[in-house]
Amino acid sequence: MTLVTLLDYSSVLVFAVTGALVASRAQLDLVGFAFIACLTALGGGTIRDLLLDRNPIFWIANPTYLGVAGAAALVIFFTAHIFESRLRALIWLDSFALAFAVAAGVGVALGLGHSPTIVILMGMITGCMGGLMRDVVVGEVPLVLKQGELYITAAFAGAATANIAKFYLVETPFALLACAAVTWVLRAGSLTFGWHLPVYKSTPPKS
Amino acid sequence: MTLVTLLDYSSVLVFAVTGALVASRAQLDLVGFAFIACLTALGGGTIRDLLLDRNPIFWIANPTYLGVAGAAALVIFFTAHIFESRLRALIWLDSFALAFAVAAGVGVALGLGHSPTIVILMGMITGCMGGLMRDVVVGEVPLVLKQGELYITAAFAGAATANIAKFYLVETPFALLACAAVTWVLRAGSLTFGWHLPVYKSTPPKS
Amino acid sequence: MTLVTLLDYSSVLVFAVTGALVASRAQLDLVGFAFIACLTALGGGTIRDLLLDRNPIFWIANPTYLGVAGAAALVIFFTAHIFESRLRALIWLDSFALAFAVAAGVGVALGLGHSPTIVILMGMITGCMGGLMRDVVVGEVPLVLKQGELYITAAFAGAATANIAKFYLVETPFALLACAAVTWVLRAGSLTFGWHLPVYKSTPPKS
């Protein structure tokens, strides 16, 4: 099993758990849990594969991904109540899933020989789109767009790190691990210490 | 005309009517009616075709589908006021469209020789995604995700029924009719008698 | 550079500015600005390319588009405060971007030899989908669906104009300019003079 496959499975598993936690907050039934889990876990990679014209889509080529997401939904359906704060669990698990998914997206695009710009974008899309669709569909404010937090920015920095590493001839697996590490550290630092970039502030309120 | 084509046209027609009813609730003009009708009626099948890499997309191959959706929008624009309750009409018509669309999606995936897992998913995607996009775009709570109702679950059960029927060597048309029947009966039973699966309930409110 | 390319770049530039203005209203950071700018500027054309199975997608074939959208986001991040009303600037810039994008979408579909129905739809999709995704993702009421305004209708009329012009053997560049002009005049007239088509009005409130 290659590192990209491992990252893909890890991101699918953890994103599926976040999807199931969101489903628990929306009080859905078991099939609803599985649906939101799959949308979250497979959404980013699906958009990546459609954009890159990879055929077949990764989870049609290998339905094990669906099994992983479904199993995660099943487990969370019966165990979500053990989390003291499901929102807190959701946000932190999401940070790991983001790091895995960005690295997986970068790995796929590097493997296809794309240019650095496209590699970075595919990392960001794979990392951010599943969670974005999860939140839009259930009508929550997207985590991806929370003010004053690093999310897309963490994905961008991680994906850029992988490109810089490749430029200095670092081998791909190390570049991908660096990508995941940078993404996660920035996201976690943002959650823990409030790290953020300057945001746009209008002097008067919304006009 | 094959049964799959007939199911496809039926789902397009009825989903287009539901889209137009949603447009009437959002007080759009005639072109807005046609837009929401097309998004609802063609959205699920379009995502299915993109995921399965069917080229061209079904409504590009055969623009008659667009004509059906547009005609439905036109008729509803002038007649929506005859419904005593447009919301009630919307929900019930949606249940028929769901049944037709799930069966159509299953039929397409079976015809391409996909595995049972992918067949079930394509049925669910064809059935649920058009209505989901309709509701997300106009900012309504998605019918698909209403608490305590069978919707995705009905689609899942219908699609699974078709697979079980195929396993016992039932011919495809009968398997598809069984799929539509199971989907509709579960959805209608949910609307009429409140049938539902256990939903996740947190003891304290959202945390 | 062909006229279609010029229209594509113009729509990407102006839509990116509108995306950045929406990002400023949501108080995002610079990477968030670039993300929403790219989603808005490239979203409609990306859906068009996926539906028409154009490979590679236009901004993968030519990443300059990404550079244009990113540069627009950067400039607006530092200058958005100069607009007296960002909402007003957003709406008017959006009207120009719509006109350029509809014409670009029509031009692409004409170039591929599609039928008038598909040409009109591709114009509408290229014009409307980017702005629709921008508004749905940040949770604003979509401009595309504002009651009593011409938006989708303007796109439809512009795209239809191009088809009528082609039918009378007008050369493509003139047909595309007529398309952009009709789209913009209708949208601008709607904003300035309140032009609109009759909308559906229910006698009692929403039922």
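In the predicted model, the count between chain A and chain C is 5 residue pairs in polar contact, with both partners at pLDDT 80 or more. Three elements of chain A, namely α2 (30-51), α6 (116-138) and α7 (152-167), give two or more residues each to the side that touches chain C. Of these, α6(A) provides the largest share, 9 residues. By class, this side of chain A divides into 20 nonpolar, 6 polar and 4 charged residues. No salt bridge is counted between chain A and chain C.

The extent of this contact was considered next. The contact draws 30 residues from chain A and 32 residues from chain C. The size of an interface is often given as the accessible area lost when the parts come together. For chain A and chain C, the buried area is about 2,600 Å², and carbon and sulfur atoms give 67% of this area.

The contact between chain B and chain C was examined in the same terms. Here 32 residues of chain B are in contact with 30 residues of chain C. The area buried between chain B and chain C is about 2,600 Å², with 67% given by carbon and sulfur atoms. Within chain B, the residues that lose the most area to chain C are Gln27(B), Val31(B) and Phe35(B), which together account for 24% of what that side buries. Salt bridges between chain B and chain C number 0, whereas 5 residue pairs are in polar contact, both residues of each pair being at pLDDT 80 or more. At least two residues of the side of chain B that touches chain C are supplied by each of α1, α2, α3, α4 (64-79), α5 (86-111) and α6 (116-138) of chain B. The largest share of that side, 8 residues, comes from α2(B). The side of chain B that touches chain C comprises 20 nonpolar, 6 polar and 6 charged residues.

One residue of this side, Gln27(B), also has a notable backbone angle. Phi of Gln27(B) is near 55°, which is a positive value in a residue other than glycine. Gln27(B) is placed in the loop between α1 (3-25) and α2 of chain B, and Gln27(B) is among the three residues of chain B that lose the most area to chain C.

The relation between the copies was then addressed by superposition. A turn of 120° and a shift of 0.0 Å along the axis lay chain B on chain C with an RMSD of 0.0 Å. This is the relation of a three-fold axis. Chain A can likewise be laid on chain C by a turn of 120° and a shift of 0.0 Å along the axis, with an RMSD of 0.0 Å. The surfaces used in the contacts were also compared. Only 9% of the interface residues of chain B are also interface residues in chain C, and the copies therefore meet through different surfaces. For chain A, only 10% of the interface residues are also interface residues in chain C, so the copies again meet through different surfaces.

Chain A was taken for a description of the individual fold. Its secondary structure comes to 8 helices and 0 strands, and the order of elements from the N terminus is α-α-α-α-α-α-α-α. The radius of gyration of chain A is 17 Å, close to the 17 Å that the globule rule gives for 207 residues, and chain A is therefore as compact as a globular protein of that length. Along the principal axes, the C-alpha atoms of chain A fill a box of roughly 50 × 50 × 30 Å.

Within chain A, Val68(A) is placed in helix α4 (residues 64-79). When residues up to four places away in sequence are not counted, Val68(A) touches Tyr9(A), Val12(A) and Leu13(A). The C-alpha atoms of Val68(A) and Thr2(A) are separated by 17 Å, the two residues being 66 residues apart along the chain.

A cis peptide bond was identified in chain A and in chain B. In chain A, this bond joins Asn55(A) and Pro56(A), with omega about -10°. Pro56(A) is found in the loop between α2 and α3 (58-61) of chain A. In chain B, a cis peptide bond joins Asn55(B) and Pro56(B), and omega is about -10°. Pro56(B) lies in the loop between α2 (30-51) and α3 (58-61) of chain B.

How values were computed
Residues numbered from 1 in each chain as written. Chains lettered and ligands numbered in written order. Predicted model: local features only at pLDDT ≥ 70, side-chain atom pairs only at ≥ 80, totals over all residues. Heavy atoms only, no water. Contact = heavy atoms within 4.5 Å. Buried area = accessible area lost by both parts, 1.4 Å probe. Salt bridge = Lys/Arg side-chain N within 4 Å of Asp/Glu carboxyl O. Polar contact = N/O pair within 3.5 Å; in protein donor to acceptor, adjacent residues only side chain to side chain. Helix = DSSP H or I, 4+ residues; strand = E, 2+ residues; numbered from the N terminus. Nonpolar A, V, L, I, M, F, W, Y, C, P; charged D, E, K, R; others polar. Least-squares fit on C-alpha atoms with pLDDT ≥ 70 in both. Rg over C-alpha atoms; globule rule 2.2 N^0.38 Å.
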